[in-house]
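User: Please take a close look at the ligand site of this model and at the elements that surround it. I would like one connected account, with the cut-off for each term given as it comes up.

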Amino acid sequence: MKYSNKICIIGGGAAGMMAAGTALSYGADVTIFESMPFLGKKLAITGKGRCNVTNTAPIQEFLENITKNPRFLYSALGAFSTEDTISFFEGLGVRLKVERGARVYPESDKAKDIVDAMRTYSSGAAVINKKVKKILKNADGSFTVKADGDYTFDRVIIATGGKSYPLTGSDGSGYRLATSLGHTVTELIPSLIPLNSPSKLCSDMQGLSLRNVAVKITDSEGRTIYNDFGEMMFTHFGVTGPVILSASAHLRKYDISTLTLSIDLKPALDEKTLDARLLSDFKDKSNKDFINALGDLLPSKMILPFISVVGIDERKKVNAITREERRAILTALKDFKIPLHSFRPIEEAIVTSGGVEVKEINPKTMESRLVNGLYFAGEVIDVDAYTGGFNLQIAFSTGYLAGKSAAESLY
Ligand SMILES: Cc1cc2nc3c(=O)[nH]c(=O)nc-3n(C[C@H](O)[C@H](O)[C@H](O)COP(=O)(O)OP(=O)(O)OC[C@H]3O[C@@H](n4cnc5c(N)ncnc54)[C@H](O)[C@@H]3O)c2cc1C
């Protein structure tokens, strides 16, 4: 039996819901297959529950924040831009605000408001809460979608997301659906991912957040390969937090175990000024034990690990600290070193780098160049970006374009 305007969307995440609502607005009959009991599970946990929905950086800067295949996204970002995302959500009654780094959030700080808006937008679609196991292309051009039963459609949009946070439903099964239809999937690696360290210092300081620190990652020859300023955190396995996640996107081609993280704990003070500050602090506390003289300089959780790094007896009187020892303290404050080991597993990544080869997708429509009537949207495609709202914008732009193109192709 041949259907006239039936579109199947596999995956009810950011890209899938955008594709669904858009295809509906073009008059298509839309069904979403979602393996989780409800739509938008990952979307609900984005931005630490606040959802950094997009970024208002000018287009050139926006593209510089896309780490893989930015040019592929020209048409999609043209068809549905950052401004479109903002008016889209405001049109659905979600007030937005712009924060540091041009990051856009709902005014309520609740990702749920974004999820609810997307559900409203796509609410005309039928939702089948089943996992799609296979897609077959039929001789008459239609598709059979297998998900505990066979379903027939005219067009299929794969919007199954990446491989990270599998408990949200994005378990990588979409890559298998794409390869079974003849598509190439490039190497899948974690991006925006915490880093393991072999150093006990990290577990000793687990839970400690450092704000306003300058971080640098150096290779085995001491060359700086990344630097940044902001917030990071120690954990039982190593390091995480915004600057670490951003750094990880730059480390793909390196053997992480040869790299060192260097933290400048006092970036606002140059060495000379910091030395003068140390001298004056130590003068005020000259009769105290060293361990009791660091409270104004370091967070309490860091004092013992710091002392182990500088190698000074914690019970030494401050007035007995030598010039060389003060030098070691200064060095540790400006260049606190943490050896690195590896990325955390891909399941813990914010995004998956790699995916369906972009050369096999028409960037003007998101349609497969290999299988007529098959479309892709969102993280399943081999595109990814830094933190800042860029990844969700990619999902919305490609979802919009795929939904529109698939629906238009029916008439
Ligand atoms: C903790 C965390 C925080 C993040 N915060 C931000 C942020 O603030 N801003 C930002 O821009 N990006 C953020 N991201 C990244 C962003 O969430 C993703 O890039 C985005 O969700 C991708 O959208 P998508 O629709 O392609 O995939 P997803 O949102 O992952 O949706 C895919 C859907 O497909 C379903 N599915 C998969 N396979 C099948 C199948 N075989 N059958 C049926 N259904 C299937 C899944 O259940 C899922 O619901 C964050 C990611 C994480 C993990």
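Analyst: A polar contact here is a pair of N or O atoms within 3.5 Å; within protein, one atom must be able to donate a hydrogen and the other to accept it, and residues adjacent in sequence count only if both atoms are side-chain atoms. This is a predicted model, in which local features need pLDDT of at least 70 and side-chain atom pairs count only at pLDDT 80 or more, while totals for chains, interfaces and linings use all residues. Residues are numbered from 1 along each chain as its sequence is written, and side-chain values use heavy atoms, with hydrogens and water left out.

The ligand has 36 residues around it (one heavy atom within 4 Å), and those that come nearest are Ala 15, Glu 34, Ser 170, Glu 379 and Leu 392. A nitrogen atom of the ligand has a polar side-chain atom of Ser 173 at 2.9 Å. Glu 379 brings an N or O atom of its side chain to 2.8 Å from an oxygen atom of the ligand, and with Asn 391 it is the backbone that takes part, one of its N or O atoms lying 3.4 Å from a ligand oxygen. The protein buries 96% of the 1,000 Å² that the ligand exposes when taken alone (Shrake-Rupley areas, 1.4 Å probe). Two or more residues of the shell come from each of α1 (14-25), α2 (46-49) and α13 (390-408), where helices (H or I, at least four residues) and strands (E, at least two) are DSSP runs numbered from the N terminus. Of the elements, α13 gives the most to this shell, with four residues. By class, the shell holds 15 nonpolar, 16 polar and five charged residues; Ala, Val, Leu, Ile, Met, Phe, Trp, Tyr, Cys and Pro count as nonpolar, Asp, Glu, Lys and Arg as charged, and the others, Gly among them, as polar.

Ser 173 leads from the ligand into helix α7 (residues 173-180), where it is one of the buried residues, together with Gly 174, Tyr 175, Leu 177 and Ala 178. Buried means a relative accessible area under 20%, exposed over 50%, and partly exposed in between (1.4 Å probe, protein chains only). These buried residues of α7 pack against five strands, namely β1 (6-10), β8 (134-137), β11 (155-158), β20 (351-353) and β21 (374-376).

After α7 comes Gly 182, with a positive phi near 100 degrees, and His 183 lies in the loop between α7 and β12 (189-191). His 183 counts as buried because its relative accessible area is 4%. Leaving aside residues up to four places away in sequence, His 183 touches (heavy atoms within 4.5 Å) Ala 178, Val 356, Glu 360, Ser 368, Leu 370, Leu 374 and Phe 376. Two of these partners also make polar contacts with the side chain of His 183 through their own side chains: Glu 360 at 2.9 Å and Ser 368 at 2.7 Å.

Another buried position is Thr 82, in helix α5 (residues 82-91), with a relative accessible area of 7%. Its side chain reaches the backbone oxygen of Asn 55 at 3.2 Å, and, with residues up to four places away in sequence again left aside, Thr 82 touches Thr 54, Asn 55, Thr 56, Phe 62 and Gln 393.

A hairpin adds a further detail of the fold. Strand β9 (residues 143-146) pairs with β10 in the antiparallel sense over four bridges, where pairing requires at least two DSSP bridges, and Lys 146 stands opposite Asp 150 in β10. Three residues lie between the two strands, and Asp 148 in this hairpin has a positive phi near 50 degrees. Along β10 (residues 150-153), Tyr 151 and Phe 153 point to one face and are buried, whereas Asp 150 and Thr 152 point to the other and are not.

As for the whole chain, its secondary structure comes to 13 helices and 22 strands, and 54% of its 411 residues are buried. Among contacts between residues at least 6 apart in sequence, 72% join residues at least 24 apart. The C-alpha trace spans about 90 × 40 × 35 Å along its principal axes, and carbon and sulfur atoms account for 51% of an accessible surface of about 17,700 Å².
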